[in-house]
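User: I should like to go through some local features of this structure, step by step. Please reason briefly before giving each result.

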Amino acid sequence: ADFGAQAPSPDTRHLADWVAASHDHGGLAFVIIDKKKATAYVFDGRVRLQATSAVLLGSALGDDSAPGIGDKPIAAIRPEERTTPAGRFLAERGRNLREDVVWVDYDAAVSMHRVLTSNPAERRLERLTTPSIDDNRISSGCINLPVSFYETHVRPIFASGKAMVYVLPDTKSLQQVFGVYGYSVGSQGLHTRR
């Protein structure tokens, strides 16, 4: 994977290299969400990094959506259920009750969308700009992006159809979530370790 001048976390690098080697993305553009670093990475179909941004995530740590979470009103979602699920998602544009979004997991009502500012007490715009990632856990599970990043880099890759979204885990391993095993880079390229 080509990260240019960016220095991603080891897990982000490992997953992006695995996507490049396995062609898991099927040649589609894709987004990697590194929950531990609260960062989104947008790649083109050739696995070249196009842009990065801070993101806001579900307030609860965890890698799975609570059963039936997509059918609950937001007010009924308990604090421990406010997770951003880890996994591999074939995502597409759609709408929620307010605006166009990218549905990451429609059944669990998890989407990527422009940062919400309807509750000033949450200070979501401020949280996106702080150097700390400790304050990036605030949503009910959706991935909130800066408006300009969403409009310029995320929305366009879904304009003509679907694209992949890979959400890295909080507690599980890459192998548990994606089936990713280790590999080494040799003179002939990437080699899977068994």
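User: Which side chain forms a polar contact with that of Ser 9?

Analyst: In this predicted model, Ser 9 lies in the segment that precedes H1. A polar contact of 3.0 Å links its side chain to that of a residue within H1, a helix covering residues 10-22. The partner is Thr 12.

User: Is Ser 9 buried or exposed?

Analyst: Beyond its neighbours within four places in sequence, Ser 9 is in contact with Asp 34, Lys 37 and Tyr 41. The relative accessible area of Ser 9 is 12%, and the cut-off for burial is under 20%. Ser 9 is therefore classed as buried.

User: What span does H1 reach from its first C-alpha to its last?

Analyst: H1 has 13 residues. At 1.5 Å a residue, a span of 18 Å is expected, and the helix comes close to this. The C-alpha to C-alpha reach of H1 is 18 Å.

User: Which residue just after H1 takes a positive phi?

Analyst: H1 comprises residues 10-22. Just after this helix, a phi of about 60° occurs. The residue is His 23.

User: What is the relative accessibility of Ala 86?

Analyst: Ala 86 is placed in the loop between strands S4 (57-58) and S5 (87-95). Leaving out residues up to four places away in sequence, Ala 86 touches Lys 35, Asp 63, Val 167, Leu 168, Pro 169 and Val 177. Ala 86 counts as buried because its relative accessibility falls under 20%. The value is 14%.

Definitions and conventions:
Residues are numbered from 1 along each chain as its sequence is written. This is a predicted model: local features need pLDDT of at least 70, side-chain atom pairs count only at pLDDT 80 or more; totals for chains, interfaces and linings use all residues. Side-chain values use heavy atoms; hydrogens and water are left out. Helices (H or I, at least four residues) and strands (E, at least two) are DSSP runs, numbered from the N terminus. The expected span of a helix is 1.5 Å times one less than its number of residues. Buried means under 20% relative accessible area, exposed over 50%, partly exposed in between (1.4 Å probe, protein chains only). Contact means heavy atoms within 4.5 Å. A polar contact is a pair of N or O atoms within 3.5 Å; within protein, one must be able to donate a hydrogen and the other to accept it, and residues adjacent in sequence count only if both atoms are side-chain atoms.
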